[in-house]
Amino acid sequence: MTAAVVSSPALEEVLARARELIGQWRDEDCGTPTVKDFCRYAAALNDGGYIRRARALEADGRPVEAPALFLAATMSWEDGPTEDELRPDGLARRESPCTEGLPVRQVHGGQSVRLVRPPVAGTRITAARAVVSARHKRGRSGEFVLLGVRTRFLSPDGGELAAVDETIVVLDATGGDR
């Protein structure tokens with residue numbers, strides 16, 4: 001069986017870059033989330049019940065666990081890029097593996113989240129991230145690349161807290177093979 005021919009030079013380059021990165025894990029220190037961080041997230045979800053419970057636990061000196069999707073919902077642990085540092089498709093470079101400097105655009109292709117155990121406020125968290133797959137596809141609107149990216153959130157003892165598998169759809173921004 002022969003591989004499909006990639007007609008877009010930009011997508012060919014994305015595939016080449018991705019295949020070199022597959023399986024190379026990069027760690028990011030997420031810092032030590034606090035009860036305040038958890039409550040700010042809950043406030044964004046309008047979850048006043050969580051905030052009241054978390055503050056009561058904190059006042060009693062008991063551990064406070066993060067809301068269920070806190071880790072998966074946090075796009076970045078950094079301050080974030082300024083507007084002029086965003087790509088034309090609105091994504092940060094960090095969210096755009098293998099596409100730096102290429103005329104491509106991206107869309108989110110789906111996500112699955114596996115929750116193992118919630119982080120507790122005051123626990124340092126590390127996010128280990130890697131490209132895990134790269135596939136060339138062709139659809140009705142043309143060709144594209146599917147990048148699989150996995151992020152594993154880890155506690156200081158190396159135990160997994162959660163894992164997020166994302167699919168990023170990379171399209172040729174020049175019109176490609178249409």
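Guide: Exposed means over 50% relative accessible area, and buried means under 20%. Keep in mind that this is a predicted model.

Visitor: Which residues of helix H2 are buried?

Guide: H2 spans residues 35-44. Its buried residues are Val35, Phe38, Cys39, Tyr41 and Ala42.

Visitor: Why do they line one face of the helix?

Guide: Take the general idea to begin with. An α-helix has 3.6 residues a turn, so residues three or four places apart point the same way. Now the case here. Looking down the axis of H2, the buried residues lie within an arc of 160°, so they line one face.

Visitor: Which residues are exposed on the other side of H2?

Guide: Lys36, Arg40 and Ala44 are exposed there.

Visitor: What covers the buried residues of H2?

Guide: The cover includes helix H3 (48-59) and helix H4 (70-73).

Visitor: What phi does Asn46 take, just after H2?

Guide: Asn46 has a positive phi of about 60°.

Visitor: Now Glu143. Is Glu143 buried or exposed?

Guide: The cut-off for buried is under 20% relative accessible area. Glu143 has 5%, so Glu143 is buried. Its place is in strand E4, residues 142-154.

Visitor: What does the side chain of Glu143 reach?

Guide: A polar contact is a pair of N or O atoms within 3.5 Å. The Glu143 side chain reaches the backbone nitrogen of Ser8 at 2.8 Å. Another polar contact, of 2.5 Å, joins the side chains of Glu143 and His136.

Visitor: How many residues apart along the chain are Glu143 and Leu11?

Guide: They are 132 residues apart along the chain, yet 8.5 Å separates their C-alpha atoms.

Terms used:
Residues are numbered from 1 along each chain as its sequence is written. This is a predicted model: local features need pLDDT of at least 70, side-chain atom pairs count only at pLDDT 80 or more; totals for chains, interfaces and linings use all residues. Side-chain values use heavy atoms; hydrogens and water are left out. Helices (H or I, at least four residues) and strands (E, at least two) are DSSP runs, numbered from the N terminus. Buried means under 20% relative accessible area, exposed over 50%, partly exposed in between (1.4 Å probe, protein chains only). A polar contact is a pair of N or O atoms within 3.5 Å; within protein, one must be able to donate a hydrogen and the other to accept it, and residues adjacent in sequence count only if both atoms are side-chain atoms. The arc is that of the directions from the helix axis to the C-beta atoms. Contact means heavy atoms within 4.5 Å.
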